[in-house]
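Grab your viewer and work through these exercises on sheets, helices and confidence. Each one sets a task and then walks through a solution.

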Amino acid sequence: MEIKPTGKLKVMKTQLSYVLITPAKNEEAFIEQTIRSVIKQTILPLQWVIVSDGSTDRTDEIIKGYLTQYPWIELLCMPQREERHFAGKVYAFKAGYERIKDRKFDIIGNLDADISFGEDYVEFLLSRFAENPKLGVGGTPFREAGQQYDFRFTNIEHVSGACQLFKRECFEDIGGYVPLKVGGIDLVAVITARMKGWETRTFTEKYCEHHRKTQSGKHSDALAKFRSGYHDYLMGNPLSWQAVRSIYQMTKSPFVSGGLLLFAGYFWAFLKRPERPVSAELVAFRKREQKQRLKHFIGRKVGLAGY
């Protein structure tokens, strides 16, 4: 059955155009929700390349069901990989990028295969890019089971990897995604963009729904917290920031223990000093950013206490 955009397709005065790439691996439970969200958008992409990364379930079959009716959707099938690591998503994305890199477009989006969103979602984000020529990376919060990050305490300059839209010049400036086996791919892209002088922003007026729970299945909650703390060290978090982050996590479920495990993972890495997978320049930049944010946060709290 044909699914048409709900509203009349709109043409932006700025005429910003965009393309999408979606790496997908065994997403039969969620991929159709994502497809339905995209084809209902008030502004459609010039091209959407869905890269099936060696899927062995019905993912490819579901996507093929839309190709004839929506010729701007393309399925690219990758061979199965023996190795399972986070860098695989980057390899799939790069394969998709090869299919669209010669086209003229303004914005490129990296869209997960397990999210859904409202019909004016992309139009809203495109308007933010149109308003701010310095905006390099934009996105929104994601929600899981109705819950999302509290942006009173979360860095609004970070953009979730569930849906990251890049200005084309910014994406090319940072050299695209870096294939890091340990993860942090989306984070490194956003930090690198700011290092290059671009602005990055999460816009809380909209959100996308994330249907697959993060950090689920493979690891227990306790191990996931420990690993997250270890990963925070690898990505350059300074000790002072990590201490505050861990204290804040103690107020969230699992209460107290979650924050302790987060700090334990970080401190274990701090003692072991493993080789970081990112450049010293990026680590130094992130430490400066987070120390400045911590200083601003403490200064604001002290100021409020004076009233």
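**Exercise 1. Work out the strand order of the 7-stranded sheet and find its edges.**

Start with the order: in this predicted model, the 7 strands line up as β3-β2-β1-β4-β8-β6-β9. The sheet is open, and its pairing is mixed. Next, look for strands that pair on one side only: these are β3 (73-78) and β9 (199-202). Finally, check the twist, which averages 15° from one strand to the next.

**Exercise 2. Find which strands helix α2 touches, and its angle to β3.**

Take residues 59-67 as the helix; α2 packs on the sheet and touches β1 (18-24), β2 (47-53) and β3. Then compare directions: that of α2 makes about 155° with that of β3.

**Exercise 3. Describe how β6 and β9 pair, and name the partner of L135.**

Strand β6 covers residues 135-139, and 4 bridges join this strand to β9. The two run parallel. Now pick out L135: its bridge partner in β9 is E199.

**Exercise 4. Sort out the 3-stranded sheet and say why β5 and β7 each have a free side.**

The order here is β5-β10-β7, again an open sheet with mixed pairing. β5 (115-116) and β7 (142-143) sit at the edges with a single partner strand each, so one side of each has no neighbour in the sheet. Zooming in, β7 pairs with β10 (residues 208-210) in the parallel sense over 2 bridges. On that pairing, R143 has E209 of β10 as its bridge partner.

**Exercise 5. Characterise the packing of α1 against α2.**

Begin with the geometry: the axes of α1 (residues 31-39) and α2 come within 10 Å and cross at roughly 25°. Angles under 35 degrees count as roughly parallel, and therefore α1 and α2 are roughly parallel to each other. The crossing is right-handed. Then list who makes the contact: I31, E32, I35, R36 and I39 from α1, with I62, I63 and Y66 from α2. Sorting the residues of this contact gives 6 nonpolar, no polar and 2 charged.

**Exercise 6. Decide which stretches to treat with caution, using pLDDT.**

Overall, the chain has a mean pLDDT of 90, and 89% of its residues reach 70 or more. Two stretches to flag are residues 5-9, with pLDDT below 50, and residues 302-307, also below 50. Beyond near neighbours in sequence, residues 5-9 have 12 contacts in the model, while residues 302-307 have 0. Where pLDDT is low, don't read the predicted coordinates in detail.

Notes
Residues are numbered from 1 along each chain as its sequence is written. This is a predicted model: local features need pLDDT of at least 70, side-chain atom pairs count only at pLDDT 80 or more; totals for chains, interfaces and linings use all residues. Side-chain values use heavy atoms; hydrogens and water are left out. Two strands pair if DSSP finds at least two bridges between them. Helices (H or I, at least four residues) and strands (E, at least two) are DSSP runs, numbered from the N terminus. Axes are lines fitted to C-alpha atoms, for helices over the stretch in contact, and angles run from 0 to 180 degrees between N-to-C directions. Contact means heavy atoms within 4.5 Å. Angles under 35 degrees count as roughly parallel, over 145 as roughly antiparallel, 65 to 115 as roughly perpendicular and the rest as oblique. A crossing is left-handed if the near helix is turned anticlockwise from the far one by less than a right angle, and right-handed if clockwise. Ala, Val, Leu, Ile, Met, Phe, Trp, Tyr, Cys and Pro count as nonpolar, Asp, Glu, Lys and Arg as charged, and the others, Gly among them, as polar. pLDDT is the predictor's confidence in each residue, from 0 to 100.
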